Amino acid sequence: MDFSGKVILVTGGGSGIGLEFARQLAGAGNTVYICGRNAAKLDTAAEVHGLHAVTGDVTSVTDQQKIISTIASEHGRLDILINNAGVLEAYDFASDPNTLDRIEREIEINAKAPLTLTYRALPLLRQSNQPAVLFVSSGVAYVASAGTPVYSGTKALIHHCAQTLRHQFAPLGISVFEALPPVVATDMAKSLKSGNFKLMQPDDLVRQIIQGMKAGSPEILLGQSKQIKFMSRLAPTFLFRQFAKTEFH
Ligand SMILES: NC(=O)c1ccc[n+]([C@@H]2O[C@H](COP(=O)([O-])OP(=O)(O)OC[C@H]3O[C@@H](n4cnc5c(N)ncnc54)[C@H](OP(=O)(O)O)[C@@H]3O)[C@@H](O)[C@H]2O)c1
């Protein structure tokens, strides 16, 4: 997979891992669109790093259409869709007063939006001569994380969907990649108080994901996610107990 002169959309590109993708890809000579809900954050990122900002919530049909039609009118094609936007909700399912909202929000953002946006982007992706979709899931696609009752389930869903879409899109010439990060030093990781994890830096993470895509690796395991996959096969109960020790703020 070649990475220059591409038209790329990074969801959640105003901060964290998404901003790092946008920064590195724009620096390599690509046209990078970023979307997110916070317009001020997006505009600042766009100005500093030479990106194209489109304010939009990935869970909104109207916003998805607006993002796609902006790229369609300005370029007529999309080469790479990076489904990165996500949220992590740590709470106790039975006692939290906002459980119902949290279930909805996490499933809408992490699981439903990457799939519906991919579907809506298909006509534009099919105008590219080397189209690709990247799903950013997580090492917890391989293990249920006890403190986050729904999060790891959304990532497991994306893990399975990435495999099925890779199979179904092959005849269309659309490559499907999945990146499975470990804990990464972004705002999201600030909700973790303690646990048996090693923080990975976003620049290192994104560099390795881009290298993996260039090499044509469909499933890109990063840092401790390699051990998580291995242990999920070898000793799943032990692994679950290790994850259950993680404390959240
Ligand atoms: N950090 C980790 O330890 C880690 C580990 C494994 C996997 N991941 C995954 O990596 C991805 C990026 O995480 P991160 O660490 O960069 O998180 P982050 O620092 O919290 O950033 C998340 C980004 O997603 C955007 N976003 C959230 N909801 C959105 C929505 N409804 N519509 C549009 N944009 C939305 C946010 O922007 P707005 O708030 O402005 O919308 C923000 O820019 C996520 O899918 C996450 O699950 C993270």
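**View A. Thr-186 meets the ligand.** In this predicted model, a polar atom in the side chain of Thr-186 sits 2.5 Å from one of the ligand's oxygen atoms. Taken on its own, the ligand has 880 Å² of accessible area, and the protein covers 93% of that.

**View B. Two other polar spots on the ligand: Arg-37 and Ile-17.** Arg-37 uses its side chain here, with a polar atom 2.7 Å from a ligand oxygen. For Ile-17, look at the backbone instead: one of its polar backbone atoms is 2.8 Å from an oxygen atom of the ligand.

**View C. The shell around the ligand.** Count the residues around the ligand and you get 27, with Ser-15, Arg-37, Asn-84, Tyr-151 and Thr-186 coming nearest. By type, the shell splits into 11 nonpolar, 11 polar and five charged residues. Two helices to look for are H1 (16–27) and H5 (151–169), since each of them supplies at least two residues of the shell.

**View D. The sheet, strand by strand.** Seven strands make up an open sheet with parallel pairing, and reading across gives S3-S2-S1-S4-S5-S6-S8. At the edges are strand S3 (52–55) and strand S8 (219–221), each of which pairs on one side only. Going from one strand to the next, the twist averages 15 degrees.

**View E. Zooming in on S1 and S2.** Strand S1 (residues 7–11) and strand S2 (residues 31–36) run parallel and are joined by five bridges. To get your bearings, find Leu-9, which stands opposite Tyr-33 in S2. As a general reminder, strands of a sheet pair through backbone hydrogen bonds, in either a parallel or an antiparallel arrangement.

**View F. H5 against the sheet.** Helix H5 packs on the sheet, where it touches strand S5 (132–136), strand S6 (175–180) and S8. The direction of H5 makes about 160 degrees with that of S6. This is one of the helices from the ligand view too: H5 supplies at least two residues of the shell.

Definitions and conventions
Residues numbered from 1 in each chain as written. Predicted model: local features only at pLDDT ≥ 70, side-chain atom pairs only at ≥ 80, totals over all residues. Heavy atoms only, no water. Near = heavy atom within 4 Å. Polar contact = N/O pair within 3.5 Å; in protein donor to acceptor, adjacent residues only side chain to side chain. Areas by Shrake-Rupley, 256 points an atom, 1.4 Å probe, with all protein chains shown as cover. Helix = DSSP H or I, 4+ residues; strand = E, 2+ residues; numbered from the N terminus. Nonpolar A, V, L, I, M, F, W, Y, C, P; charged D, E, K, R; others polar. Pairing = 2+ DSSP bridges. Axes fitted to C-alpha atoms, helices over the stretch in contact; angles between N-to-C directions. Contact = heavy atoms within 4.5 Å.
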